[in-house]
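Q: Got a minute to go through the cavities in this one? I'd like the short version.

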Amino acid sequence: PRPDDHVIVLFGATGDLAARKLLPGLFHLAAVGLLPDRYRVIGSSRRDISDAEFRERAREAIDRFGTSKPTGETWQAFRQTLSFASASPGDTTALGAAIRRAERDVGGSPRRLFHLAVPPAAFAPTVTMLGAAGLAHGSRVVIEKPFGTDLRSARELNRTVGAVFDESQVFRIDHFLGKESVENILAFRFANGLFEPVWNHRHISYVQIDVPETLSIEGRAGFYDQTGAYRDMIVTHLLQVLGFLAMEPPTALDARHLRAETAKVFDALRPIDVRHVVRGQYSGYRDEPGVAPASQTETMAAVRVEIDNWRWAGVPFFLRSGKKLGASRQVVTLGFHEPPLRMFPIGETDTPDGRNEIVIDFADPGSITVDLLAKVPGAQMRLGGAGMVFRYADSFCAANSLEGYERLLLEAMLGDQSLFTQAAAVERLWEISSPLLENPPPIQPYAPGSWGPQPSVDQLIMPFRWRLPHAG
Ligand code: BG6
């Protein structure tokens, strides 16, 4: 389905996220014919640049970061839809006029979508500004992450947003939920009779959600030093992925049922025990421009969480993410119990522990591997590690795939909230994080290119071990 006609307003349009993801994403949607018949995109920020300058910046960003290159008729048509209007809480005249002009150009009664790609501290003032300018009625608003910095601030932000918008107008974005392979978790679990019956504590002994990055903070010190790996990645992206991995089968695949099931998982999460947390900081982080000289911000966090319900009782979930680690990966690993009896000589397996693992690699393009033991050909009964692999390219044409932000922009225009987070769920995730945020264990240094502070990061997961980097 294609969305109704739209006027899209991009706050933070001169920023990093707009350049890396949003403008290239919108253009890709245009190129594959998924934008509305008629639409306008208004870039906005406190700065004032001309339409021509904004169009040129958009072209450069799309050229640099986009999958569809800005050339030909598609680009010319898209380019014509772009304009720019500055706005600040004290002055929304230019923005108001630009929206009216765009609505006239589109004709009829187009829908209005505001995307707040602004620093977290600007979420509340921007929402309040939209309310005061009379622009909220009938509009939809996309709000970036992290949504708050703790339970108190998330509640306050939800109150501010709720005073201006109805919850049905609010799209809290977490781009991991828009990833092809994260959505595929639902298909893998609920469309196949094979896996769901073993998807519980009777068969699974641990789950890992491991998202190391080789990137450093890439000039984002102002944001990152206030945020850290836990707030930037774990409480947002990784716990959202956990929601999909751990939920009960929903009654239907719609927003109400999906969100009800993830909310139940978050309700059952046990508050984080600070003894099960490792906070690391890569050596050299404090020398990055813009970082406080004695910064206590973690650039890597690893935590163990538990879900107190019948399906998952006693199964630890290990979550790790950080900057300047040994590889850039996005991997879920489910480790299965060993068979009740070992019939094969010990010491003749070459997979760690001889355990079956299901490995969901959810970095685009994504894959799923089932690790198993098999007999090594030859005269002796000897076991070796083997795997069954699903790769998108082997089964499907990848040309139709959408990047996380692309899918979510489209879903927001269609008004489907299934892949967006809701107020109470976000608050619950901050609530279970409170022990850690209020009483953070000391940071420990780690070498750039390593896998976090040793031995703590390996001890956290004992008696198991991280799949990465050993088993790839
Ligand atoms: C963002 C974080 O939300 O996600 C970044 O702020 C991180 O620090 C990024 O690098 C990872 O997302 P992606 O698009 O690489 O999956």
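A: Sure, here is a run through the cavities, keeping in mind that this is a predicted model.

Q: How many cavities of 30 Å³ or more are there?
A: The count comes to three cavities of 30 Å³ or more.

Q: How much space lies in the largest cavity?
A: About 140 Å³.

Q: Which residues are closest to its centre?
A: Phe147, Thr236, Gln240, Thr421 and Val426. They belong to a lining of 14 residues.

Q: And which elements give two or more residues to that lining?
A: Two helices do: α8 (221-246) and α12 (423-438).

Q: What's the lining of the largest cavity like by class?
A: Seven residues are nonpolar, three are polar and four are charged.

Q: OK, next one. What volume does the second largest cavity have?
A: About 100 Å³.

Q: Which residues line the second largest cavity?
A: From the earlier part of the chain, Leu177, Gln240, Phe244, Leu258, Arg259, Thr262 and Phe266. Then come Ser418, Phe420, Thr421, Gln422 and Ala425. Gln240 and Thr421 also came up for the largest cavity.

Q: Which elements give two or more residues there?
A: α8 and α9 (255-268).

Q: Which element gives the most to the lining of the second largest cavity?
A: α9, with four residues.

Q: And the classes in the lining of the second largest cavity, what are they?
A: Six nonpolar, five polar and one charged.

Key: Residues numbered from 1 in each chain as written. Predicted model: local features only at pLDDT ≥ 70, side-chain atom pairs only at ≥ 80, totals over all residues. Heavy atoms only, no water. 1 Å grid on protein atoms, 1.4 Å probe; cavity = no way out; pocket = protein on both sides within 12 Å on 5 of 7 lines; lining within 4 Å. Points joined across faces, edges and corners; volume = space filled by probe spheres on them. Nonpolar A, V, L, I, M, F, W, Y, C, P; charged D, E, K, R; others polar.
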